[in-house]
Every structure is written in structure tokens, then in C-alpha cells.
Amino acid sequence: MGYLIRVVLCVHVLLLFHFFACLSSHSCNPEDRTALLHFKTQLITDVTIYDKNEAYGGICPHVYPKMRTWDDNGTDCCSWMGVTCDSVSGHVIGLDLSCSGLVGKVHPNSTLFHLTHLHTLSFAYNMLLGSNQLPSQFGGFVSLTHLNLSACGFKGDFPSQISHLSKLQSLDLSYNYGLKWKDTTLKILLQNATALLEIVLDYTDMSSIGPTPSPLSLIANMSSLVTTLSLGNTGLRGHLTSHILCLPNLQELNLYGNENIQVYVPNLNCSSSLLSVLDLSFCQFTGSQIPSSFSNLTHLTSLGLSSSELNGSIPTLLSNLQHLTHLDLSDNKFSGQFPNVLAQLTNLQALTLWGNRLGGKLLLSSLANLTQLSLLDCSRNKFQGPLPNKITGFSNLTELDLSANLLNETIPSWCFSLPFLTSLDLSNNQFTGNISAISSHSLQVLHLCGNQLQGDIPESMFNLVNLTELCLSSGNWSGFLHFPQNLEAFSYKLTKLASLQLHQIDLTKFSKISWKFPKLKELELSENKLQGEVPHWIQDIDSLELLKLRYNQLSSIGQFTWYQLKYLDLSFNLVTDDNISFFCNATSLEIVNLSHNKFRGTISHCLANLSKLFVLDLQMNNLHGTLP
């Protein structure tokens with residue numbers, strides 16, 4: 001027994017020794033620690049940049065000021081957020097500062113470039129706008145395998161030094177709009193970085209490359225290891241041939257937004273392709289047809305061919321692509337009936353057909369087998385007739401857009417009862433009759449305007465507490481939409497509304513209620529026969545950025561409190577206020593239309609303070625004087 005106890009004790013001692021040895025081996029290299037702390041002083045952290053720039057919002061859902069965990073109180077830099085160290089030497093080998101709210105400039109003499117052992121480096125989605133030129137010193141990280149400088153604001157010519165990073169496996173410089181490529185630097189990069197697996201250069205500038213040599217021909221001869229190639233909106237020119245589609249390991253190819261790329265793939269020069277994601281939106285296709293050879297891209301899960309001038313019927317060759325989950329054929333010239341081939345793509349999750357010339361009945365019942373479908377957009381076509389009274393297979397639908405067609409009769413109740421629906425747009429059709437009770441409680445967007453609806457608005461609409469956009473209209477004065485009798489009981493429920501549009505509706509009850517819309521940014525109550533002073537509940541909304549009250553019978557503005565307004569339209573009313581200086585403190589105004597009213601007095605010189613104003617319409621009033 002004593003022997004066993006000694007053995008156990010020895011094992012514990014050995015484990016403790018190993019534990020502390022591991023701790024000591026992870027301690028940060030002191031020179032690297034000093035370099036990091038000095039680099040920190042060259043930048044500031046401001047996470048509010050993501051609130052000010054909506055483009056960052058969806059990309060950086062988890063923002064954290066990582067550099068604030070870096071302190072000079074003796075802590076091990078290997079424990080700092082965003083820092084990874086080598087387990088033996090303690091050198092910093094990884095630095096991930098993406099979405100950290102960094103603002104400032106990366107200087108060429110920055111101590112960042114002292115971290116010579118770096119393998120991975122990411123500054124993605126920070127505002128390094130002061131840097132302008134991408135420092136060539138990034139080319140000194142000879143051990144680098146992953147470099148991500150996406151959306152940092154770098155400009156100027158791409159430094160040739162970075163083209164010599166031969167160990168790079170992943171390079172992402174996307175969304176640096178002013179970053180320019182030359183044919184020599186791209187050629188050197190593709191020749192030297194033979195280990196590259198991922199190349200993401202969307203929204204950089206390649207317009208000066210070619211036509212000889214064609215950048216696409218350079219890419220076709222690149223390393224066979226590449227799995228992801230994303231060059232969207234780069235200004236690329238040339239012909240896309242099967243050589244690129246047949247790169248043996250290529251799984252994702254994005255060339256969207258390059259209008260000068262001509263797609264010519266009559267045949268595939270390979271027995272199979274591993275491509276799973278292909279986006280050629282805005283590219284040009286020989287004969288304005290989807291190449292028949294695309295039927296052999298049987299591994300595709302996502303296919304984007306929008307805005308490519310494609311015409312004729314949607315081809316049956318798509319039925320071969322049984323793994324498709326996302327199909328975008330929008331903004332083309334496809335015509336004919338609703339394509340039956342789509343019913344065979346049973347794995348579809350998103351189907352986008354908006355902006356074509358498809359007509360006849362919208363055969364939604366044929367999609368009953370698409371049980372995974374979450375997005376369906378058939379808007380801006382020529383579909384006509386009624387929607388089916390009953391439907392199956394749409395239980396997972398979250399977005400349905402059938403707007404701007406010729407659909408008629410009553411909106412069927414199933415449209416308002418899909419359990420996971422968050423967005424429903426049936427606007428600008430010819431629907432008539434009443435609106436059914438709404439049980440899709442997840443709805444955030446509801447657009448029914450531009451139809452000929454009438455009757456009582458269901459009380460259930462005012463229980464949609466997640467609603468952010470609401471658009472309703474009667475479409476004519478022969479029949480009104482009416483608000484329910486006990487409307488006041490709902491005045492505090494739609495507190496998330498950001499956009500409210502009500503046209504040609506009986507607002508007699510609505511206008512007398514003290515609505516609370518704390519987040520409302522857009523309000524349009526045009527053509528509603530509003531009379532007298534602008535309702536007080538509107539005057540109380542200080543978050544408004546757009547206000548349209550045109551074609552009413554308003555006679556007075558009342559108190560002007562909308563100092564964040566960018567767009568104001570009070571045209572075609574009966575406003576008789578003595579001057580128009582009421583909006584002079586709304587310094588964000590860009591468009592103001594006060595035409596066709598009865599404003600009186602002198603044009604105020606305070607209008608000169610509105611530096612952002614570029615449209616001002618004062619015609620058909622009783623004003624005099626000169627514009628400042």
C-alpha cells in the first residue's frame with residue numbers, strides 16, 4: 001500500500017512539474033511584448049465606428065475592443081485577447097484584431113513589423129483610413145500563412161513585396177476600394193504563393209490589368225491547390241473559360257460585378273468539377289444563355305447569375321444541379337411561364353427570380369416539395385391571377401416577396417399564418433378585399449401598399465410587436481381601409497417600427513391617438529385628407545429622418561421638432577404659416593419640398609446654414625425675396 005502511495009505521489013509531482021514547465025514555456029517573448037505595447041499606442045479604440053457605418057454592422061456582429069486587454073502591468077502577453085504565442089519559444093505567431101474598433105494609421109516604421117515570427121495576421125474591419133498606402137513592410141512577414149486586411153481602407157498600388165510571401169495559404173484584401181493592382185504584381189503573387197488556398201480580393205481595383213495578358217488567363221495557370229477564388233467587383237476583363245472552372249480543388253468562385261467578363265464555356269475540359277459556389281452575376285454570357293455545360297457542375301450548392309442579360313426560358317438543365325440550396329436568376333430577361341424545373345430542386349433554401357419577364361399563373365403549389373425553402377422572391381415580374389387558396393411546403397419560409405406583379409383577388413389567409421415568416425411583401429399588385437387575421441407573430445416587415453384593399457384592418461396586426469416596417473394603402477377612394485374601434489389599446493405595442501407608410505386610408509381615428517414610435521425614422525402619410533395642424537403625435541417623434549405628408553389638407557406645421565430630418569415633403573397642402581424658417585435648425589436636411597401651399601412672407605436667410613441641402617422646392621406659394 002505504501003508503495004502505491006509513493007507511486008501516486010511521484011506521478012502527481014511529475015504532473016505538477018510538467019504543468020509549471022508548460023506555463024513557463026508559454027510566457028511571452030519580452031521583445032514581442034514590448035512591440036505590441038508600443039504598437040497599441042499608435043492606434044485608438046472606438047467601437048462606435050460600427051454604429052456609424054452600417055456596412056460593418058452585419059459583418060461584425062461581435063465587436064470587442066481587444067487591445068484594451070493589453071496592459072503593462074506584468075501580465076503575460078500570450079493571455080491578451082487576439083494574441084497567440086508559440087508553445088515553446090513564446091514568440092507571437094498569431095494576431096487577430098478583426099472587428100476591434102481600431103482607428104488610426106499603420107506606419108511603415110511600426111513595431112508591428114518587429115513581430116517577425118507571425119504566421120497569422122488579421123486587421124479585418126477596422127478603420128485604418130489614415131494609412132492610405134498599404135505598407136510594403138507586410139511583405140517582411142516571411143512565415144505568414146494567413147493575412148486578412150479586409151475593409152481597412154488601404155489605398156494605392158499593391159506592394160510587390162507582399163507578392164513574395166511564398167508560404168501564404170489565405171489572402172484577404174477585400175473591400176479596400178482604392179487598392180490597385182498591376183499585372184506584374186498579380187502575376188508575381190500567383191507564381192510565388194504556390195501554397196495559396198484562398199484568394200479573396202473583392203472590391204479592389206484590377207481595372208488596369210490586361211487585356212494582355214488577361215488576368216483570367218493568369219489565374220487559370222495558377223496553383224492547383226486553390227479552393228476559394230473571390231474577385232467580385234474588381235473591374236476584371238477577359239474570357240472565363242472552363243480552365244478556371246476545372247481547377248482541380250476549386251470549390252468557390254466569385255466573379256460577380258465584373259461587367260467586362262465574357263463567359264464562354266461550351267464544354268467543360270474536365271470530367272468533374274468540385275465547384276460548390278459559383279457567382280457570375282453581372283458577367284456577360286455568349287448568346288445570353290446559361291451554358292449547357294453548367295449542367296455538369298453537379299456539386300453546386302449556390303449559383304448566382306443575376307443581372308447578366310440572360311433571356312429565353314429558364315433552362316431545364318438546372319434539374320441536374322440537385323445539391324443547389326441557393327439560386328439567384330434575378331434581374332435578367334427570362335420569359336415564359338413559371339418554370340417547372342424549379343420543383344425538382346428539392347434542397348433549395350433561397351430562390352430569387354425578381355426583375356424578369358415571367359408571366360402566367362404563379363404556380364406556388366408546384367413548390368410544395370421544397371420543404372427547406374426560407375426565401376422566395378418573385379417580385380417585379382408579370383405573374384397574374386389569384387394566389388392558391390391553400391398551400392403546403394412553406395413551413396420554413398422566412399421571406400416572401402411577390403410585389404410588383406399583376407396578382408389579384410383576395411390575399412389568401414396562408415400568407416399571414418406562416419409560422420416563421422419575418423418579411424412579407426405583396427405591394428403593388430391588384431389584390432382586393434379584406435386583410436385576414438395575422439398569426440405570423442415573427443413578422444418584422446409587412447408591405448401591402450399599392451393594392452385595392454378595403455374593410456377593417458385586423459386587430460392582430462397591432463399585436464406584431466417585432467414589426468419594423470409597415471406599409472398599407474387602399475389604392476383608391478372607392479373603398480377605405482379602416483382602423484379598429486379600440487385602436488388606442490394598441491398605441492404602445494408597435495414600438496420597434498422604423499418605417500410607417502399609410503396611403504389613402506381613413507386616418508380619422510388614427511390621428512387622434514398619442515402613438516409612441518420611439519424608433520421611427522421614416523413616416524409617410526400622403527393622400528389621407530389630413531386637416532388642420534400636423535398631429536401632435538407626429539411632432540413628438542424626434543427620431544424622424546424622412547417625413548412625407550404630401551397631398552393632404554394640412555394648414556399648419558405646428559411645432560417643428562424633427563432636427564434629424566434628411567427628407568421633408570409637405571407639398572400640395574394648404575399650409576399658411578408666415579415663414580419657412582421653421583426648419584432652419586434641421587441641419588441634416590438634404591431634400592425639402594414645400595411647393596403648392598400658401599406659405600407667406602420673406603424667404604429666410606437662415607437657409608444658408610443648411611450645408612447639406614441640395615433640393616429645395618418652394619414653387620406655388622406666396623413667398624417673396626431671394627434665396628441666400
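Which residues of helix H5 (residues 183–192) are buried? Read on for that one, after a quick word on what you're looking at: this is a predicted model.

## One side of helix H5

The buried residues of H5 are Thr 185, Leu 186, Leu 189 and Leu 190. Around the helix axis they span an arc of only 130°, so they sit on the same side of H5.

And what lies over that side? The cover for the buried residues of H5 includes strand S8 (170–172), strand S10 (198–200) and helix H6 (215–220).

## The overall picture

Stepping back, the protein has 8 helices and 43 strands. Its chain runs to 628 residues, and 50% of them count as buried. Measure out a box along the principal axes and the C-alpha atoms fill roughly 90 × 75 × 60 Å.

If you like contact statistics, take the contacts between residues at least 6 apart in sequence: 55% of these join residues at least 24 apart. On the outside, the protein exposes about 27800 Å², with carbon and sulfur atoms supplying 52% of that area. As for charge, there are 33 positive and 44 negative ones, and their mean positions are 1 Å apart.

## Parallel strands around S26

Strand S26 (residues 406–410) has parallel partners in S24 and S28. Strand S24 (residues 382–385) is joined to S26 by 2 bridges, and Gly 385 stands opposite Leu 407 there. With strand S28 (residues 430–433), S26 shares 3 bridges; one pairing to look up is Asn 408 with Gln 430 in S28.

The loop between strand S25 (399–401) and S26 holds Ser 403. Is Ser 403 buried or exposed? Its relative accessibility is 8%, so Ser 403 counts as buried. Leaving aside neighbours within four places in sequence, Ser 403 is in contact with Ser 379, Arg 380, Asp 425, Leu 426, Ser 427 and Asn 429.

## An enclosed strand, S32

Why is strand S32 (residues 469–473) described as largely enclosed by the rest of the structure? Because 4 of its 5 residues are buried.

S32 also runs parallel to strand S29 (residues 445–447), with 3 bridges joining the pair. His 447 stands opposite Cys 471 of S32. Strand S34 (residues 499–503) is another parallel partner of S32, this time through 5 bridges. Within that pairing, Leu 472 has Leu 502 in S34 as its bridge partner.

As a bit of background for viewing these strands, side chains in a regular strand alternate between the two faces of the sheet.

## Two residues with positive phi

Most residues other than glycine have a negative phi. That makes a couple of backbone angles here worth a look.

Ala 151 has a phi near 55°, a positive value in a residue other than glycine. You'll find Ala 151 in the loop between strand S6 (146–148) and strand S7 (155–157). With a relative accessible area of 9%, Ala 151 is buried.

Phe 572 isn't a glycine either, yet its phi is positive, at about 60°. Phe 572 belongs to the loop between strand S39 (567–569) and strand S40 (591–593). How does Phe 572 count in terms of accessibility? It comes in at 28% relative accessibility, so Phe 572 is classed as partly exposed.

Terms used
Residues are numbered from 1 along each chain as its sequence is written. This is a predicted model: local features need pLDDT of at least 70, side-chain atom pairs count only at pLDDT 80 or more; totals for chains, interfaces and linings use all residues. Side-chain values use heavy atoms; hydrogens and water are left out. Buried means under 20% relative accessible area, exposed over 50%, partly exposed in between (1.4 Å probe, protein chains only). The arc is that of the directions from the helix axis to the C-beta atoms. Contact means heavy atoms within 4.5 Å. Accessible areas come from the Shrake-Rupley method with a 1.4 Å probe; for residues, only the protein chains shown count as cover. Lys and Arg count as positive and Asp and Glu as negative; His and the chain ends are not counted. The place of a charge is taken as NZ of Lys, CZ of Arg, CG of Asp or CD of Glu. Two strands pair if DSSP finds at least two bridges between them.
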